[in-house]
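Please open the model in your viewer and keep the selection tool at hand. The stops below can be followed in order.

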Amino acid sequence: MPDRAVNVCRAHPKVAVLPAPGVGPAELGAALVHRVASRTLVVFSALGDPFRERFERVEPAEAMCRSWECVSLVLCLDESRQDGPAPAVTGPLTGPGRWALPDGEFGAGAGAVAGAEAVTGAGAADGAVLPYEARALALARLGPRAGDLVWDIGSGRGAVAIECARLGAAAVAVERTASGVERVRANTAAHGVEVRAVHGETSTVLSHLADPDGVFVGGGSGPGHELEAIVLTAARRARRAVVAAVPARERMSPVRSALASCGFAAAGVVLRSERLDAAGHSSAPALPPVFLVWGTR
């Protein structure tokens, strides 16, 4: 499926693509040219033929404008991420050694970790981070994997999008503010993954994005009264799952109804967390509750 090949190319710094009908240098170039900051395609043609075998390096914009024959293999390279060690992978792609990373790994200062009223409301404009306890469940319901595309709407500091990228998915973080986009980009660079940060109002930018496999709706997605409309838009486009952090218990039912109206099996949970020190005592005041609602096809 072309979009799955494209999503793997977006998420990983070095990908080998075996061409097939509808998936070749021109199609990859056309899909990548407006969706990634930079990629180089190395096109191998007529491999094994001593007279015609050759390879050439092209940018996506050039690849999409050419006709290709006898293509044997296409390498998609993000050369900006080739400096560090990259795992050699055979067979199924493996995930990172850990996930649901500590909140502080996303540049969160004191008070940036918040309950649902902050991660979905006005407080999210300050870059609140969904607590890792809730983030773990959100990631479990999203199920990001290689070949997937995930939207993180109202991304805050980009925590969910970055975690999805670390798990092998292509990720897009949608932020309403320029400062939010810069936070996402800084955290993305710190974690060495590819996340496309999109600046703008949700009602405008989502129509320009490719259909996702999973969507997380969190802080900064828009004024609180728009939440159900945003979830409904996401549910109409998502292939597999939608997860939303909801600002209050009474808002959970309308969000579930929006998901159910689009054919999702919907559920929800209220999470309350108290973090303990090494002696088993509370290390800080209990975190505010987080209200999560999700739907899966």
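Begin by selecting Pro25, Ala26, Leu28, Gly29, Ala31 and Leu32, which are the buried residues of helix H2; bear in mind throughout that this is a predicted model. Widening the selection to residues 25–32 shows the whole of helix H2, which is mostly covered, with six of its eight residues buried. To see what covers those buried residues, display the surrounding elements, including helix H1 (2–11), strand E1 (14–17), strand E2 (40–45), helix H3 (60–63) and strand E4 (71–77).

Keep helix H1 on display and add strand E5 (149–153), strand E6 (170–175) and strand E7, since the next view concerns how they are arranged: H1 lies across these three strands and runs at about 75 degrees to E6.

From there, bring up the open sheet of seven strands, whose order is E7-E6-E5-E8-E9-E11-E10 and whose pairing is mixed. Strand E7 (195–199) and strand E10 (265–271) stand at its edges, and because each has a single partner strand, one side of each is left without a neighbour in the sheet. Looking along the sheet from one strand to the next, the twist averages 15 degrees.

At the E10 edge, select strand E11 (residues 290–296) as well, which runs antiparallel to E10 and is joined to it by seven bridges. One pair to pick out here is Ala266 with its bridge partner in E11, Gly295.

Finish with side chains. Select Arg141 and Trp294, where the charged end of the arginine sits over the ring, 4.8 Å from its centre. Then select Arg66 and Trp68, where the charged end of Arg66 likewise sits over the ring of Trp68, 4.2 Å from the ring centre.

Conventions. Residues are numbered from 1 along each chain as its sequence is written. This is a predicted model: local features need pLDDT of at least 70, side-chain atom pairs count only at pLDDT 80 or more; totals for chains, interfaces and linings use all residues. Side-chain values use heavy atoms; hydrogens and water are left out. Buried means under 20% relative accessible area, exposed over 50%, partly exposed in between (1.4 Å probe, protein chains only). Helices (H or I, at least four residues) and strands (E, at least two) are DSSP runs, numbered from the N terminus. Contact means heavy atoms within 4.5 Å. A charge sits over a ring if NZ of Lys or CZ of Arg is within 6 Å of the ring centre and within 35 degrees of the ring normal. Two strands pair if DSSP finds at least two bridges between them. Axes are lines fitted to C-alpha atoms, for helices over the stretch in contact, and angles run from 0 to 180 degrees between N-to-C directions.
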